[in-house]
Amino acid sequence: MKPCAYLRPETVEEATAAHVAHPGAHYLGGGTNLVDLMKLGVTTPDTLVDISRLPLDGVTPLPDGALRIGATVRNSDLAAHPAVRGRWPLVSQALLAGASEQLRNTATTGGNLLQRTRCPYFQDLTQPCNKRLPGSGCAALERVHRDHAVLGHSRHCIATHPSDLSVALTAADATVALYGPDGGREIAVEALHRLPGGRPEQDTVIRPGELITAVTLPAHGAALPSVFRKVRDRASFAFALASVAAVLDVRDGRVRHVALAFGGLAHRPWRARRAEAALVGAEPTAAAVDRAVDAELAQARPLRDNAYKTRLARNLAREALTRLVAAR
Ligand code: SF4
């Protein structure tokens with residue numbers, strides 16, 4: 001067994017200082033993913049910096065109508081929060097589509113965004129995996145890759161990002177607040193995760209020592225019709241084969257605002273900017289939706305086992321947008 005130090009700081013500043021002072025440290029929130037990876041030997045931190053007691057567990061309405069969500073707010077609490085259910089229902093739906101009730105009671109907002117891929121070869125120490133061990137190869141390329149990416153993948157990694165919440169937050173134009181050795185910064189959730197390129201070991205743009213402190217849902221998408229839809233192999237406790245989060249605002253018969261994001265298709269939540277550009281200003285007819293989604297998915301590069309995902313994503317997006325048009 002590898003020894004591992006455990007620290008429990010009182011403040012965000014103490015947490016980041018502890019992380020910087022202990023090379024090989026990991027932040028520990030709910031631990032629902034990290035502890036599993038430690039048991040498997042995939043992740044072997046020297047130090048755990050427990051952030052679960054930091055004062056980051058509040059959900060705060062802001063004066064401009066936005067909602068600030070602390071990084072340690074539990075997934076169950078966020079899904080049930082009246083403001084989230086009423087004004088950003090896609091976020092609540094995404095949370096309830098993820099994991100099991102027991103896991104949602106423990107998992108945190110920040111930790112949900114930072115889940116590692118569930119690629120089985122990543123979790124299997126006997127298999128080559130560039131994400132786990134850079135330069136070792138990618139077992140998934142030659143083996144079964146039914147669940148893997150169709151968009152944005154590279155010859156170094158074809159894994160998908162597992163967080164449903166990230167997909168919903170991307171469509172909601174949410175931002176994430178980070179605090180690190182160089183101070184604080186705020187970036188779009190859409191910009192948080194990376195495509196694999198030649199460095200699949202790096203899931204996000206988070207810098208060494210930085211900690212997610214909050215997520216903010218902006219006011220402009222609040223109370224617009226929105227939906228999260230997910231297809232998985234079983235009814236619960238399974239990751240997305242494909243998912244879609246959509247926000248739609250139609251005025252005078254034309255699309256005024258649309259946000260569309262896919263999950264289960266890429267190494268990060270995939271914001272469908274081409275589809276959105278094709279729909280803004282158009283009548284939201286079934287034909288217009290099909291053309292827009294097809295324009296987006298023309299970028300797909302399916303692998304031997306997963307061509308079905310492109311069709312599945314197309315059908316999901318069409319169903320989601322059609323449902324929002326009808327809900328006006
Ligand atoms: Fe590893 Fe990525 Fe290949 Fe899976 S797809 S084995 S995570 S390199």
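Start by selecting residues 175-180 and 211-217 in this predicted model. These are strand E6 and strand E8, which pair in the antiparallel sense over five bridges. For one rung of that ladder, pick Val-176 in E6; its bridge partner in E8 is Val-215.

Now widen the view to the sheet around this pair. Five strands make up an open sheet, and their order is E4-E5-E8-E6-E7, with antiparallel pairing. To find the edges, select 59-61 for strand E4 and 183-188 for strand E7; each of these pairs on one side only. Looking across the sheet, you will find a twist that averages 20 degrees from one strand to the next.

Next, show side chains and go to Leu-90, Val-91, Leu-169 and Leu-217. These are the residues with the most contacts inside the largest nonpolar core, a set of 48 residues. Helix H9, residues 164-171, gives the most to this core, contributing five residues. As background, nonpolar side chains in soluble globular proteins tend to be buried together.

Stay on Leu-169 and display what surrounds it. Beyond its neighbours within four places in sequence, Leu-169 is in contact with Val-91, Leu-113, Ala-174, Val-189, Val-215 and Leu-217. You have already met Val-215, the bridge partner of Val-176. Another core lies apart from the one you are in: it has 33 residues, and Val-227, Leu-241, Ala-300 and Leu-324 are among them.

Then move to His-267, in the loop between strand E11 (254-263) and strand E12 (270-271). Is His-267 buried or exposed? Its relative accessibility is 7%, so His-267 counts as buried. Two polar partners are worth drawing as dashed lines. The side chain of His-267 makes a polar contact of 2.7 Å with the side chain of Lys-131, and a polar atom of the His-267 side chain lies 2.6 Å from the backbone oxygen of Arg-194. Select the wider surroundings too: not counting residues up to four places away in sequence, His-267 touches several residues, including Cys-157, Ala-159, Thr-160, His-161, Leu-195, Pro-196, Pro-200, Gln-202 and Asp-203.

For a last stop, colour two cysteines. Cys-4 counts as partly exposed because its relative accessibility is 32%, whereas Cys-138 counts as buried, at 18%. How many disulfides are there to look for? The count comes to zero when a disulfide is taken as a pair of cysteine sulfur atoms within 2.5 Å.

Terms used: Residues numbered from 1 in each chain as written. Predicted model: local features only at pLDDT ≥ 70, side-chain atom pairs only at ≥ 80, totals over all residues. Heavy atoms only, no water. Buried < 20%, exposed > 50% of the residue type's maximum accessible area, 1.4 Å probe, protein only. Pairing = 2+ DSSP bridges. Helix = DSSP H or I, 4+ residues; strand = E, 2+ residues; numbered from the N terminus. Axes fitted to C-alpha atoms, helices over the stretch in contact; angles between N-to-C directions. Core = buried A, V, L, I, M, F, W, Y, C linked by side-chain atoms within 4.5 Å. Contact = heavy atoms within 4.5 Å. Polar contact = N/O pair within 3.5 Å; in protein donor to acceptor, adjacent residues only side chain to side chain.
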